[in-house]
Amino acid sequence: MRYRSDPGIFGQLRTRLIEELAALGDPDDESVRTAIRKLLSVDRTLPPLSVSARKTLEQQLFKSIRRLDILQELLDDPSVTEIMVNGPDNIFFERGGVLQRWEKTFSGPEKLEDVIRQIAGRCNRVINESSPIVDARLPDGSRVNAVIAPAALNGPILTIRRFPDVPITVRQLIRLNSLTEEAAHFLKNAVAAGYSILISGGTSAGKTTFLNALSRFIPSSERIITIEDNAELQIQGIANLVRLEAKNANMTGDTEVTIRDLIRSALRMRPDRIIVGEVRGAEAVDMLQAMNTGHDGSMSTLHANSASDALSRLETMVLTGFPLPLPAIRRQIVSGVDLIVHLGRLPDHTRHVLEISEMNREEEKMPLHPIFRWDYERDRLVRCGELLRTEKLRRAGIRPSGSKNGAAAGKKQTSGANSNEN
């Protein structure tokens with residue numbers, strides 16, 4: 001008999017287990033497992049169970065209390081990159097870039113909502129009828145978005161974006177044909193020399209993954225401050241690292257701490273670089289201020305359909321935070337941003353760097369100067385231009401030339417970057 005599929009029997013066991021655990025205060029995982037085994041051994045309503053059936057029931061109860069119930073099986077599968085729950089009966093997941101429907105379902109909307117509240121509570125976030133939307137994260141760094149009634153009409157909605165347990169490196173991106181050796185070497189020198197970089201792309205284009213990979217090129221001696229809505233970045237090899245996370249206001253009167261608040265505070269922390277996980281609104285003003293006040297090499301991501309669209313979106317976001325004249329905003333962007341790296345997904349679901357462009361300060365209308373572009377006929381990233389502004393490379397002792405001597409000099413000068421870069 002599959003007790004998990006019987007909400008009556010399973011629900012009674014789970015309710016009794018919660019009552020017993022409440023008396024233990026804050027039990028660890030082993031204490032919970034012990035309580036489950038004890039409960040099943042003394043319960044007189046259960047018929048005799050085989051060893052395998054009892055073990056399965058123990059696991060189901062444990063996952064419903066300490067994990068994410070039926071979703072835990074998907075979370076334990078490293079090949080699953082995204083989980084989409086559209087109400088208790090409609091669960092989809094992405095594997096290898098392909099969406100598939102899952103046959104398992106929650107026992108009811110109440111159980112799904114309970115899982116959502118559990119996730120939010122672990123991140124000190126609140127979700128209820130008056131605040132029905134929450135952004136949160138799982139302990140492994142996976143990104144979570146949830147919506148409940150009255151905003152969600154077909155039951156609680158839960159979306160989980162998975163990230164690799166071990167951050168993907170630039171070397172892996174090269175093997176996957178997402179990037180070429182030449183482009184990787186160019187970006188390595190640019191990051192080491194302190195070029196400020198914006199990474200743009202659509203949803204699930206790999207912006208956060210790519211930002212993590214680029215961070216391996218930051219010299220390990222620098223002080224880095226990361227600022228995020230939900231902590232997702234996996235910066236490696238930096239000892240002097242400060243991680244800041246925004247905080248929502250709650251019903252107990254705690255004050256909201258926004259991305260803008262954190263950026264302004266970070267400026268007083270003596271950072272060498274500031275990395276903003278993603279800019280979505282008025283905080284773009286403060287990010288540009290950071291890039292224009294001596295914090296060379298700062299980086300961020302934003303949603304856009306192309307590199308040129310990224311600049312248009314950045315203009316719009318700055319306007320929402322500070323109604324400056326458009327020419328003044330453009331001057332701030334041109335002065336603060338050095339490079340735009342645009343990512344995208346092709347029809348075969350693979351992710352690639354589609355464009356690397358430089359801001360051309362000689363042009364009033366802020367056109368981009370392409371250096372690398374995706375060649376659809378050759379199915380690879382190809383070089384189409386040279387860097388115009390090479391002063392930062394020269395100050396770092398890196399030759400901008402693509403010659404053998406220049407490449408050797410670049411390798412020598414960037415040796416101070418993270419040793420885990422590949």
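# A guided tour: a helix pair and a six-stranded sheet

Begin by selecting helix H10 (residues 283–291) together with helix H11 (residues 307–321); in this predicted model, the two pack at an angle of about 105°, and their axes lie 6 Å apart. Angles of 65 to 115 degrees count as roughly perpendicular, and H10 and H11 are therefore roughly perpendicular to each other. Next, display the side chains where the helices meet. H10 contributes Ala284, Val285, Met287 and Leu288 to the contact, while H11 contributes Leu314, Met317, Val318 and Gly321. Sorted by class, this contact of H10 with H11 comprises seven nonpolar residues, one polar residue and no charged residues.

**The whole chain**

Zoom out to view the complete chain. Its secondary structure consists of 14 helices and 15 strands. Of its 422 residues, 51% count as buried. The chain exposes about 20,200 Å², of which carbon and sulfur atoms supply 50%. Consider also the contacts between residues at least 6 apart in sequence: 56% of these join residues at least 24 apart.

**The sheet**

Now select strands S1 to S6. They form an open sheet of six strands in the order S3-S2-S1-S6-S5-S4, and the pairing is antiparallel. Which strands lie at the edges of this sheet? The edge strands are S3 and S4 (133–137), each of which pairs on one side only. From one strand to the next, the twist averages 15°. Strands of a sheet pair through backbone hydrogen bonds, either parallel or antiparallel.

**The hairpin of S2 and S3**

Narrow the selection to strand S2 (residues 91–95) and strand S3 (residues 98–102). These strands run antiparallel and are joined by five bridges. Two pairs of facing residues may be labelled here: Phe92 stands opposite Arg101 in S3, and Arg95 stands opposite Val98 in S3. Then move to the turn. Two residues lie between the strands of this hairpin, and Gly96 takes a positive phi near 65°.

**The helix across the sheet**

Finally, add helix H5 (residues 109–122) to the view of the sheet. Which strands does H5 lie across? H5 lies across S1 (80–86), S4, S5 (143–147) and S6 (157–161). To view its direction, display H5 with S6: the helix runs at about 50° to that strand.

Methods
Residues numbered from 1 in each chain as written. Predicted model: local features only at pLDDT ≥ 70, side-chain atom pairs only at ≥ 80, totals over all residues. Heavy atoms only, no water. Axes fitted to C-alpha atoms, helices over the stretch in contact; angles between N-to-C directions. Helix = DSSP H or I, 4+ residues; strand = E, 2+ residues; numbered from the N terminus. Parallel < 35°, antiparallel > 145°, perpendicular 65-115°, else oblique. Contact = heavy atoms within 4.5 Å. Nonpolar A, V, L, I, M, F, W, Y, C, P; charged D, E, K, R; others polar. Pairing = 2+ DSSP bridges. Buried < 20%, exposed > 50% of the residue type's maximum accessible area, 1.4 Å probe, protein only. Areas by Shrake-Rupley, 256 points an atom, 1.4 Å probe, with all protein chains shown as cover.
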